[in-house]
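Here are a few exercises to work through with the model open beside you. Try each task before reading its solution.

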Amino acid sequence: MFNELPEVETIRAALSRDIVGKKLKTVAVTTGKTVRRHKTVKDFRELAEGRTIKSIGRLGTNIIFVLDDGSRLVAELGTGGHFQRTKGPKEVKAKHTHVVITLNQGGELRFIDETSKGELFVSPPAPEDRVVEVSKYARLSVGGDGLAIRQAVPELAHLGLDVLEDQVGWDRMAAILRSSDLGVKELLLTPEIMAGLGSLYVDEILYNSGIRHDRISDSLSTIEIRRLHRGITEIIADAIKHHGSSFGPTPFADPDGKQGDFQQSLHVYAREGLPCGQCRAPIERVSVRQVTTYFCPKCQN
Ligand SMILES: [Zn+2]
């Protein structure tokens with residue numbers, strides 16, 4: 001199980017269809033670490049219990065439940081957290097179930113996280129005069145809900161651009177790339193610059209754009225930046241259409257257990273030694289500082 005933006009958006013959409021309008025009857029926390037921002041488990045429970053879900057949003061890999069008192073229940077899924085819908089307490093609890101929310105007229109919502117890096121917290125309603133300092137990259141956005149989400153949840157204000165919630169033209173993308181001497185993959189993986197992108201989709205985006213992962217950001221030509229900008233939007237939209245990628249020993253699944261199938265459309269990720277779909281050269285794999293990258297040595301330069 002691993003999450004990037006398309007997987008978390010798939011979870012958000014499924015929950016949105018299913019539990020908006022339902023009330024959080026009881027909240028049971030079995031692992032205190034999961035609600036570590038609150039002083040005690042009881043503090044967290046009291047803020048969430050009895051509230052009704054008005055809508056469900058997302059920013060990066062965070063799912064945001066907007067509650068009826070104006071507060072937000074935020075679930076930072078990280079790379080391994082996910083939700084499971086169950087009919088009730090009789091269903092066997094999966095290993096690493098950290099939080100169980102009982103919904104009125106509608107079973108349970110369980111938060112499961114093998115890595116224990118994910119967390120849940122309640123962000124209180126915003127006072128009217130609050131000014132939230134959002135990240136300098138997010139400020140480049142010219143549309144979408146991203147800025148409003150950061151205003152409502154200051155805990156997420158540091159996050160960089162979200163491909164779906166923030167709108168940025170290729171020219172602003174160019175300004176970001178040209179002001180950085182990071183490798184282009186490293187830049188795209190930095191959550192304070194781009195939120196919700198991970199190694200799988202970045203490798204696919206860079207293949208789609210014909211750009212090598214280790215190119216220095218400010219060396220990209222205008223044409224390459226335009227291709228990269230289009231590649232980011234297209235690959236992420238396509239992956240969402242396919243409900244994310246599911247493979248490996250614990251494949252990604254939405255809260256109802258439904259898997260995605262974008263893994264069938266991958267061109268480079270986890271395809272080491274297999275022929276490139278365009279030029280037939282074997283796909284290569286390199287690891288630098290614990291980040292593994294797959295790429296075509298001929299099509300990407
Ligand atoms: Zn190739």
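**Exercise 1. Compare the radius of gyration of the protein chain with that of a compact globule.**

Solution. Start with the chain length: for 301 residues, a compact globule would have a radius of gyration near 19 Å. Next, take the value for the protein chain, which is 20 Å, so the two agree. Keep in mind that this is a predicted model. For the extents, the C-alpha trace spans about 55 × 45 × 30 Å along its principal axes. Buried residues account for 42% of the 301 residues. Finally, look at the contacts between residues at least 6 apart in sequence: 61% of them join residues at least 24 apart.

**Exercise 2. Find the domains of the protein chain and describe the side of domain 1 that touches domain 2.**

Solution. Begin with the division: domain 1 covers 5–125 and domain 2 covers 169–295. Their C-alpha centres are 29 Å apart. Now turn to the contact, to which domain 1 contributes 15 residues and domain 2 contributes 16 residues. On the domain 1 side, the elements giving two or more residues are helix H1 (5–19) and strand E5 (81–86). H1 gives the most, with nine residues. Sorted by class, this side of domain 1 has eight nonpolar, four polar and three charged residues.

**Exercise 3. Strand E3 (residues 62–67) has two faces; work out which residues point each way and which strands pair with E3.**

Solution. Take the faces first. Asn62, Ile64 and Val66 point one way, while Ile63, Phe65 and Leu67 point the other way. Are these residues buried or exposed? All are buried, and E3 is accordingly described as mostly covered, with six of its six residues buried.

Then look at one neighbour, strand E2 (residues 53–59), which runs antiparallel to E3 and is joined to E3 by six bridges. Within this pairing, Ile56 has Phe65 as its bridge partner. The hairpin of E2 and E3 leaves two residues between the strands, and Gly60 in the turn has a positive phi of about 60°.

Continue with strand E4 (residues 72–76), which is antiparallel to E3 and shares five bridges with E3. Here Ala75 in E4 stands opposite Ile63. Four residues separate the strands of this second hairpin, where Gly70 takes a positive phi near 90°.

To finish, follow Ile64 beyond its neighbours within four places in sequence: its contacts include Ile56, Leu59, Val74, Ile149 and Val153.

**Exercise 4. What covers the buried residues of helix H6?**

Solution. First count them: H6 (residues 199–209) has ten buried residues out of eleven. Among them are Leu200, Tyr201, Val202, Ile205 and Leu206, along with Asp203 and Glu204. Next, identify the cover, which includes H1, helix H5 (184–189), helix H7 (222–241) and strand E12 (291–295). Then step past the end of the helix: Gly210 follows H6 and has a positive phi, near 70°.

**Exercise 5. Which residues of the largest nonpolar core touch the most other members, and why does this core lie between the domains?**

Solution. The core has 73 residues, and those touching the most other members are Ile63, Ile64, Phe65, Tyr201 and Ile236. By element, H7 gives the most, with seven residues. The last step is the placement: domain 1 (5–125) and domain 2 (169–295) both give residues to this core, so the core lies between them.

How values were computed. Residues are numbered from 1 along each chain as its sequence is written. This is a predicted model: local features need pLDDT of at least 70, side-chain atom pairs count only at pLDDT 80 or more; totals for chains, interfaces and linings use all residues. Domain bounds come from an automatic or database domain assignment. Two residues are in contact if their C-beta atoms, placed from the backbone, lie within 7 Å. Ala, Val, Leu, Ile, Met, Phe, Trp, Tyr, Cys and Pro count as nonpolar, Asp, Glu, Lys and Arg as charged, and the others, Gly among them, as polar. A residue is buried if 20 or more other C-beta atoms lie within 10 Å of its own, exposed if 12 or fewer, and partly exposed in between; C-beta atoms are placed from the backbone. A nonpolar core is a set of buried Ala, Val, Leu, Ile, Met, Phe, Trp, Tyr and Cys residues joined through C-beta atoms within 7 Å. The radius of gyration is taken over C-alpha atoms; the globule rule is 2.2 Å times the number of residues to the power 0.38. Two strands pair if DSSP finds at least two bridges between them.
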